[in-house]
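Visitor: Before the terms are used, I should like to hear the reasoning behind them. Could each label be set against its criterion?

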Amino acid sequence: MTSEKFDLQPNLKGELIELRPLTADDSDNLFAVASDPLIWEQHPESDRYKEDVFKLFFREAMECGGAFAIIDTKSQQIIGSTRFHGYVPQKSEIEIGWTFLARSYWGGRYNRELKQLMLAHAFKFVESVVLLVGQNNIRSQKATEKIGGIKDGLVKKVYGSRPPGLNVRYVIKKPRKKAES
């Protein structure tokens, strides 16, 4: 691990996608993706496809200092968003969350590459990455388990202006380097 400060908004690039810091100018393009009600069907904030609810989500994303626009490398279009949040140096952990992708990008490859990029960056600075998934969001729970998330209990979390709801807490530990033989 490095002693430098955790960069919460690096530019990260893979084969399928790139992540860049979210900007105020991204609001309309990101809302065009987020306005699909089926994206939020299992999410605790299931009405995030509505413009007023999305605007609060977007404002919080801008204020958190760790939000990204997810860009398709071929089309250069915004296809979703994600965040780093809650960096706790003393615990050597950070949360990855608030991730959503346009439905045409569902099915694993894009989310897997997205999380691989974020995990590789995070593990330069921390030992553990936390992901919180709504208790009834089975689709996202399965996706989190596919990338190595291990269930670590239930926690309460607030979404937007809603009362706290239960979320499954997942942890992914930094891979250990294998000893040379």
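Guide: Let us begin with pairing: two strands pair if DSSP finds at least two bridges between them. The model discussed here is predicted.

Visitor: What joins strand E3 to strand E4, and in which sense do they run?

Guide: Strand E3, residues 67-72, and strand E4, residues 78-88, are joined by five bridges and run antiparallel. The criterion asks for at least two bridges, and five are found here, so E3 and E4 count as a pair. One position illustrates this: Ala-69 has Ser-81 in E4 as its bridge partner.

Visitor: Where does Ser-81 stand with respect to E5?

Guide: Ser-81 stands opposite Phe-100 in E5. Strand E5 covers residues 93-101, and six bridges join E4 to E5 in the antiparallel sense. The minimum for a pair is two bridges; with six between E4 and E5, the conclusion is that this is also a pair.

Visitor: What lies between the strands of the E3 and E4 hairpin?

Guide: Five residues lie between E3 and E4 in this hairpin. Gln-76 is found in that loop, and its phi is positive, at about 60 degrees, although Gln-76 is not a glycine.

Visitor: Why is Gln-76 called partly exposed?

Guide: The relative accessible area of Gln-76 is 47%. Buried means under 20% and exposed means over 50%, with partly exposed in between. The value of 47% falls in between, and Gln-76 is therefore partly exposed.

Visitor: What makes Ser-92 buried?

Guide: Its relative accessible area is 13%. The limit for buried is under 20%, and Ser-92 at 13% is therefore buried. Ser-92 is in the turn of the hairpin of E4 and E5, which has four residues between the strands. Ser-92 is not a glycine, yet its phi is positive, at about 55 degrees.

Visitor: How do you know that E5 and E6 pair, and in which sense?

Guide: Three bridges are found between E5 and E6, in the parallel sense. Since at least two are required, three bridges satisfy the criterion. Within this pair, Ile-94 stands opposite Val-129 in E6.

Visitor: Why is strand E6 described as mostly covered?

Guide: Strand E6 consists of residues 128-134, and seven of its seven residues are buried. On one side these are Ser-128, Val-130, Leu-132 and Gly-134, and on the other Val-129, Leu-131 and Val-133. Buried means under 20% relative accessible area, and the label therefore applies to both faces of E6.

Visitor: Which strands are called the edge strands, and what makes them so?

Guide: The eight strands form an open sheet with mixed pairing, in the order E1-E2-E3-E4-E5-E6-E8-E7. The edge strands are E1 (12-13) and E7 (150-157), each of which pairs on one side only. For E7, the partner is strand E8, residues 165-173, joined to E7 by six antiparallel bridges. In that pair, Ile-150 has Val-171 as its bridge partner.

Visitor: How many helices and strands are there in the chain?

Guide: The chain has four helices and eight strands. From the N terminus on, they follow the pattern β-β-α-α-β-β-β-α-β-α-β-β.

Visitor: Why is the chain called as compact as a globular protein of that length?

Guide: The radius of gyration is 16 Å, close to the 16 Å that the globule rule gives for 181 residues, so the description holds. Along its principal axes, the C-alpha trace spans about 55 × 35 × 30 Å. Of the 181 residues, 48% count as buried.

Visitor: Turning to the helices, which residues are in contact with Phe-31, leaving aside its neighbours within four places in sequence?

Guide: These are Tyr-49, Lys-50, Glu-51 and Phe-54. A contact requires heavy atoms within 4.5 Å. Phe-31 itself is found in helix H1, residues 27-34. The C-alpha atoms of Phe-31 and Lys-55, 24 residues apart along the chain, are separated by 8.4 Å.

Visitor: Why does Ser-140 count as partly exposed?

Guide: Ser-140, in helix H4 (residues 138-146), has a relative accessibility of 28%. That value lies between the limits of 20% and 50%, so the residue is partly exposed. Its C-alpha atom is separated by 9.5 Å from that of Thr-99, 41 residues apart along the chain.

Technical notes: Residues are numbered from 1 along each chain as its sequence is written. This is a predicted model: local features need pLDDT of at least 70, side-chain atom pairs count only at pLDDT 80 or more; totals for chains, interfaces and linings use all residues. Side-chain values use heavy atoms; hydrogens and water are left out. Helices (H or I, at least four residues) and strands (E, at least two) are DSSP runs, numbered from the N terminus. The radius of gyration is taken over C-alpha atoms; the globule rule is 2.2 Å times the number of residues to the power 0.38. Buried means under 20% relative accessible area, exposed over 50%, partly exposed in between (1.4 Å probe, protein chains only).
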